[in-house]
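Thank you all for coming; I would like to walk you slowly through one protein today. Please have a look at the sequence and the fold before I begin.

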Amino acid sequence: MKSISLSWIALVVFTTSIFAQYDTKMVSKAVKNDIVQTAISAGNFTTLATALTEAGLVDALKGKGPFTVFAPTDDAFKKLPKGALDNLLKDKEALKNVLLYHVVSGNVSSKDVVKLDKATTLNGSDIKIKTVDGKVMINDSQVTTADVQASNGIIHVIDTVLLPPTK
């Protein structure tokens, strides 16, 4: 009788430890990176990450949100006129203005974006949204990847840096 109860105790302890490990794995999979971490881990947003750091916006985009970010890739930054990025990196206010022009408050998924014709960005100016031949355009930039989920919002990858209207 004693060996049966010890066997039951051993089985319960073993089973509990397996489920505890399973639960830990499930919880860690459910936790997502924030927008900044998600962009950095993608590997093709190093210029954007540098610009966010220089503008002092990293902590803001790591905040609670939710935010919708239209994120230009490194290739998108290469399309800027020669010297434009260097000039922006030297002018923190202009850089901040450009970067905030890529962010909309709220969690705007692709199914919501296509219903809009404009959205107000965090810099206060509107971006134009339209669908052309099944492609979503933000101003003159095409969304190349939509609905990249992050813990504090959503990222839509774009192929051109958005430049806000001059005031």
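I will start with the whole protein, then turn to the sheet, to a pair of helices and finally to one loop residue.

Please keep in mind that what you see is a predicted model. The protein holds 8 helices and 7 strands, and of its 167 residues 36% are buried. If we take the contacts with a separation of 6 or more, 63% of them are between residues 24 or more positions apart.

Let us look at the sheet. The 7 strands form an open sheet, and if you follow the order you read E2-E1-E7-E6-E5-E4-E3, with mixed pairing. At the edges we find strand E2, residues 103-105, and strand E3, residues 118-120, each of which pairs on one side only. On average, and ignoring direction, neighbouring strands here are turned by 30 degrees against each other. As a general reminder, strands of a sheet pair through backbone hydrogen bonds, and they can do so in parallel or antiparallel fashion. In our case, E1, which spans residues 67-72, runs antiparallel to E2 and is joined to E2 by 3 bridges; Thr68, for instance, has Val104 in E2 as its bridge partner.

Next come the helices, and here I would like to ask what covers the buried residues of H7. Helix H7 covers residues 92-100, and Leu95, Val98, Leu99 and Leu100 are buried in it. Their cover includes helix H3 (46-55), helix H6 (84-90) and also strand E2, the edge strand we have just met.

Let us stay with H3 and H7 for a moment. Their axes come within 9 Å and cross at roughly 125 degrees, which means that H3 is oblique to H7, and the crossing is left-handed. On the H3 side, Leu48, Ala51, Leu52, Glu54 and Ala55 take part, and they meet Lys92, Leu95, Lys96 and Leu99 of H7. Leu95 and Leu99 are also among the buried residues of H7.

My last stop is Asn123, which lies in the loop between E3 and strand E4 (126-132). Is Asn123 buried or exposed? Its relative accessibility is 12%, and because the cut-off for a buried residue is under 20%, Asn123 counts as buried. The side chain of Asn123 makes a polar contact of 2.8 Å with the side chain of Asn97, and a polar contact of 2.8 Å also joins the side chains of Asn123 and Thr121.

How values were computed:
Residues are numbered from 1 along each chain as its sequence is written. This is a predicted model: local features need pLDDT of at least 70, side-chain atom pairs count only at pLDDT 80 or more; totals for chains, interfaces and linings use all residues. Side-chain values use heavy atoms; hydrogens and water are left out. Two strands pair if DSSP finds at least two bridges between them. Helices (H or I, at least four residues) and strands (E, at least two) are DSSP runs, numbered from the N terminus. Axes are lines fitted to C-alpha atoms, for helices over the stretch in contact, and angles run from 0 to 180 degrees between N-to-C directions. Buried means under 20% relative accessible area, exposed over 50%, partly exposed in between (1.4 Å probe, protein chains only). A polar contact is a pair of N or O atoms within 3.5 Å; within protein, one must be able to donate a hydrogen and the other to accept it, and residues adjacent in sequence count only if both atoms are side-chain atoms. Contact means heavy atoms within 4.5 Å. Angles under 35 degrees count as roughly parallel, over 145 as roughly antiparallel, 65 to 115 as roughly perpendicular and the rest as oblique. A crossing is left-handed if the near helix is turned anticlockwise from the far one by less than a right angle, and right-handed if clockwise.
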